[in-house]
Protein chains: 2
Amino acid sequence: MKIGDLAKRTGITAHTIRYYERIGLLPHAHRDGSGRRDYGEDSVVWIGFLSRLKTTGMPIRDMLRYARLRAQGDSTGPARAALLSEHRDRVRAHLAELQSALTVLDTKIAGYGETEGTDPNDADSNDTDTHTTTDPTGTRHGRHGRD
Amino acid sequence: MKIGDLAKRTGITAHTIRYYERIGLLPHAHRDGSGRRDYGEDSVVWIGFLSRLKTTGMPIRDMLRYARLRAQGDSTGPARAALLSEHRDRVRAHLAELQSALTVLDTKIAGYGETEGTDPNDADSNDTDTHTTTDPTGTRHGRHGRD
DNA sequence: TCTTGACTTAGAGTTCGCTCAAAGCCCTAG
DNA sequence: CTAGGGCTTTGAGCGAACTCTAAGTCAAGA
């Protein structure tokens, strides 16, 4: 298939596909008689996987590392597994953060909902949350600000 | 407290705090006798909340909308609730995507793990989540909506 | 046949969210 | 008193990930 078709199939633009090829995320595409890129189903699959990695927040430089390992063949299996495994850990951690933040949002939205005239949840008091995962410095002992 | 203290308390740099003030995410700070920014606990709380929004992927321009509503006072409660509610929907959607991607990662890592010498999961076949039986979301591949 | 639209390239431009530099002022510990 | 570190400002710079432009080639449908 041509680059435009692949773009439609994968949801990324042809520009981005060429960009990915340029930086090494995609192998150099085969060309048809007239010098145009010609793709197979495997490209759809590979880009689909890259998109998943992207969704989960993997930076391009890490996708590149993975892609290079993949290009090196079967012997890199363990290295690829390790790379994905580390990434999975990060994704899990982020997931937990998101879930925690979600409950904060729930609380806050609920706070806005009740008693419309007054505000038991003023901008600040309602901003206060049970601090969960994200502990920037770790140095925060005194938690003031009403919980 | 001074800007450096606030930075330590919140985990963002003093540079970023000034940047946030510049773009309107933080109100203009009160100054002490010598013209330096002086913060109270409320700043810690507010930045904490902003950090959570950031964690959940809210772009700065949306935080700005929220901050401006907040600055306008209590009457904007419903608008703020709506803003957060829409954001919550997006976060929930993203959360679902992440969870789905996680199971893909699990499958793939497991694939690399089994039968160390050979590889039933060669670069492509294992990259494929095509007809991977475990289809968590039920999302048929082929067209994932673009992010 | 003609025209339209998809394709090609190299390289420049954009957006986001910081991050730093430079030059100078001033608080505080020693 | 002095040195050092933290603060001030404006404005420039940066890395990530695209995104688009320009100028040109070419294939295929009306």
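**Protein contacts with DNA strands C and D**

A polar side-chain atom of R22(A) sits 3.5 Å from a base oxygen of DNA strand C. The model is predicted. R22(B) also reaches a base of this strand: an N or O atom of its side chain is 3.3 Å from a base oxygen of DNA strand C. The backbone of the DNA is contacted too. An N or O atom in the side chain of R18(A) lies 3.1 Å from a phosphate oxygen of DNA strand C.

The surface near DNA strand C draws on both chains. In chain A, α1 (3–10) and α2 each give two or more residues, as do α2 and α4 (60–71) in chain B. The largest share comes from α2(B), with 5 residues. In total, 20 residues surround DNA strand C. Those that come nearest are G4(A), R31(A), R37(A), Y20(B) and S34(B). By class, this surface has 10 charged, 5 polar and 5 nonpolar residues. Sugar or phosphate accounts for 68% of the strand C atoms within 4 Å of the protein, and bases account for the rest.

DNA strand D is likewise surrounded by 20 residues. Here the closest are Y20(A), S34(A), R31(B), R36(B) and R37(B). At least two residues each are supplied by α2 (14–23) and α4 (60–72) of chain A, and by α1 (3–10) and α2 (14–23) of chain B. For this strand α2(A) gives the most, with 5 residues. The surface has 10 charged, 5 polar and 5 nonpolar residues. Of the strand D atoms within 4 Å of the protein, 63% belong to sugar or phosphate, and the rest belong to bases.

Individual polar contacts to DNA strand D involve both chains. A polar side-chain atom of R36(A) is 3.5 Å from a base oxygen. A polar side-chain atom of R22(B) is also 3.5 Å from a base oxygen of this strand. G4(B) uses its main chain: a backbone N or O atom lies 3.0 Å from a phosphate oxygen of DNA strand D.

Helix α2(A) has a buried side and an exposed side. A14(A), I17(A), Y20(A) and E21(A) are buried. Viewed down the helix axis, the buried residues of α2(A) fall within an arc of 120 degrees, so they line one face. They pack against α1, β1 (30–31), β2 (37–38), α3 (41–55) and α4 of chain A. The face turned away from the buried side carries the exposed residues H15(A) and R22(A). R22(A) is thus placed on the exposed face, and its side chain approaches a base oxygen of DNA strand C at 3.5 Å. Y20(A) is buried and is among the closest residues to DNA strand D. After α2(A) comes G24(A), with a positive phi near 100 degrees.

Turning to chain B, H87(B) lies in helix α5 (residues 77–113). H87(B) is buried, with a relative accessible area of 2%. Beyond its neighbours within four places in sequence, H87(B) contacts L53(B), T56(B), G57(B) and M58(B) of chain B, as well as L105(A) of chain A.

Confidence varies along chain A. The average pLDDT is 83, and 78% of the residues score at least 70. Residues 117–147 of chain A have a pLDDT below 50. Beyond near neighbours in sequence, this stretch has 55 contacts in the model. Where pLDDT is low, the predicted coordinates should not be read in detail.

Notes. Residues numbered from 1 in each chain as written. Chains lettered and ligands numbered in written order. Predicted model: local features only at pLDDT ≥ 70, side-chain atom pairs only at ≥ 80, totals over all residues. Heavy atoms only, no water. pLDDT = per-residue confidence, 0-100. Contact = heavy atoms within 4.5 Å. Near = heavy atom within 4 Å. Polar contact = N/O pair within 3.5 Å; in protein donor to acceptor, adjacent residues only side chain to side chain. Helix = DSSP H or I, 4+ residues; strand = E, 2+ residues; numbered from the N terminus. Nonpolar A, V, L, I, M, F, W, Y, C, P; charged D, E, K, R; others polar. Buried < 20%, exposed > 50% of the residue type's maximum accessible area, 1.4 Å probe, protein only. Arc of directions from axis to C-beta.
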